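Open the model in your viewer and keep the selection box handy. We will go from stop to stop, and at each one I will say what to pick and what to look for.

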Amino acid sequence: PTGRFVGTTSFDHTFRLWDVERAQELQLQEGHTREAYALAFHPDGSLAATGDLGGVGRVWDLRSGKSIFVLHGHLKHLLALDFSPDGFTIASGSDDHTSRVWDLRQRKCVYTILGHSGLVSSVKFAPTTGEFLVTASYDGSVRCWNARTWAHLSTLRGHEGQVACVDVARDERSLLTCSFDKTFKVWAHEDLF
């Protein structure tokens, strides 16, 4: 969140934290038994979440360098992670066609979102209010979910290929998606709900 640090995941099963200004490795975290793939940072920068191709996620305390919570539940590759803006919730996306919602206070999965017929490639909370979650999938769709009830709000279709990534504008008035159809699209707020 500060812009000073960068995190990387690797097929050597590790997560690394780097100081950009000093061009120096700060932490090397081992703990995954499969290739590490997904990465997200807590809004205050104190935690990082990583996911691996075995379907397991980990939450790391960056102050101590220890894994403090293991996310067990996905049946296939864990491909995407995002923290809610309040920092209490993590969303994950997987090759098992589901997204899961994890409560950091309860240390468990509190909801499984079904709705995609392909792998979930990207998950993003509304960055300011946290009122909705957006998921992108290789089924060619982007879906919006109410972040209180997890009710389906809308489905965005328009790509002719797998949707690789989604992001929500800071003002939450638009989304940006990119696809294997070699396009990116900007979706206005009125398209979302």
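Start with strands β9 and β10, which form a hairpin with four residues between them. Zoom in on the turn and pick H97, where phi is positive at about 75 degrees. Keep in mind along the way that this is a predicted model.

**Along β9**

Now select β9 itself, residues 89–94. Six of its six residues are buried, so this strand is largely enclosed by the rest of the structure. Show the side chains: T89, A91 and G93 point one way, while I90, S92 and S94 point the other, and all are buried. That fits a general pattern, since side chains in a regular strand alternate between the two faces of the sheet.

Which strands does β9 pair with here? On one hand, five bridges join β9 to β8 in an antiparallel arrangement; on the other, five bridges join β9 to β10, also antiparallel. To check the register, pick D82 and find its bridge partner A91 in β9, then pick T89 and find D103 as its partner in β10. The hairpin of β8 and β9 has five residues between the strands, and G87 there takes a positive phi near 80 degrees.

**Into the core**

Next, select V59, L81, F83, I90 and L104. In the largest nonpolar core, which has 13 residues, these five touch the most other members. Strands β4, β5, β7 and β8 (78–83) each supply at least two residues of this core, and β8 gives the most, with three. In general, nonpolar side chains in soluble globular proteins tend to be buried together.

Stay on F83 and display its surroundings. Leaving out residues up to four places away in sequence, F83 touches A40, F41, H42, P43, L47, A48, A49, T89, I90, L104 and F125. Apart from the largest core lies another one, of 12 residues, including A126, A136, C144 and W187.

**Two open sheets**

Colour β4 to β7 for the next stop. These four strands form an open sheet in the order β4-β5-β6-β7, with antiparallel pairing. At its edges are β4 (36–41) and β7 (66–71), each paired on one side only, and the twist averages 25 degrees from one strand to the next. Five bridges join β4 to β5 (residues 47–52), and A38 stands opposite G51 in β5.

Then colour β12 to β15, an open sheet of four strands in the order β12-β13-β14-β15, again with antiparallel pairing. β12 (120–125) and β15 (152–157) each have a single partner strand, so one side of each is left without a neighbour in the sheet. Here the twist averages 20 degrees from one strand to the next. Five bridges pair β12 with β13 (residues 132–137), and F125 stands opposite L133 in β13.

**Rings to finish**

Which residues join F125 in one aromatic cluster? Select Y111 and W150 to see the cluster they form with F125.

The count of aromatic pairs comes to five. One of them is F69 with W102, edge-to-face at 6.4 Å centre to centre and 75 degrees between the planes. F69 lies in β7 and W102 in β10 (residues 99–103), so this pair ties together parts that are 33 residues apart in sequence. Both F69 and W102 are buried.

For the last stop, pick R105, which lies over the face of F88 at 4.2 Å from the ring centre.

Definitions and conventions:
Residues numbered from 1 in each chain as written. Predicted model: local features only at pLDDT ≥ 70, side-chain atom pairs only at ≥ 80, totals over all residues. Heavy atoms only, no water. Pairing = 2+ DSSP bridges. Axes fitted to C-alpha atoms, helices over the stretch in contact; angles between N-to-C directions. Phe/Tyr/Trp six-rings, centres within 6.5 Å; stacked < 30°, edge-to-face > 60°. Buried < 20%, exposed > 50% of the residue type's maximum accessible area, 1.4 Å probe, protein only. Lys NZ or Arg CZ within 6 Å of the ring centre and 35° of its normal. Core = buried A, V, L, I, M, F, W, Y, C linked by side-chain atoms within 4.5 Å. Contact = heavy atoms within 4.5 Å.
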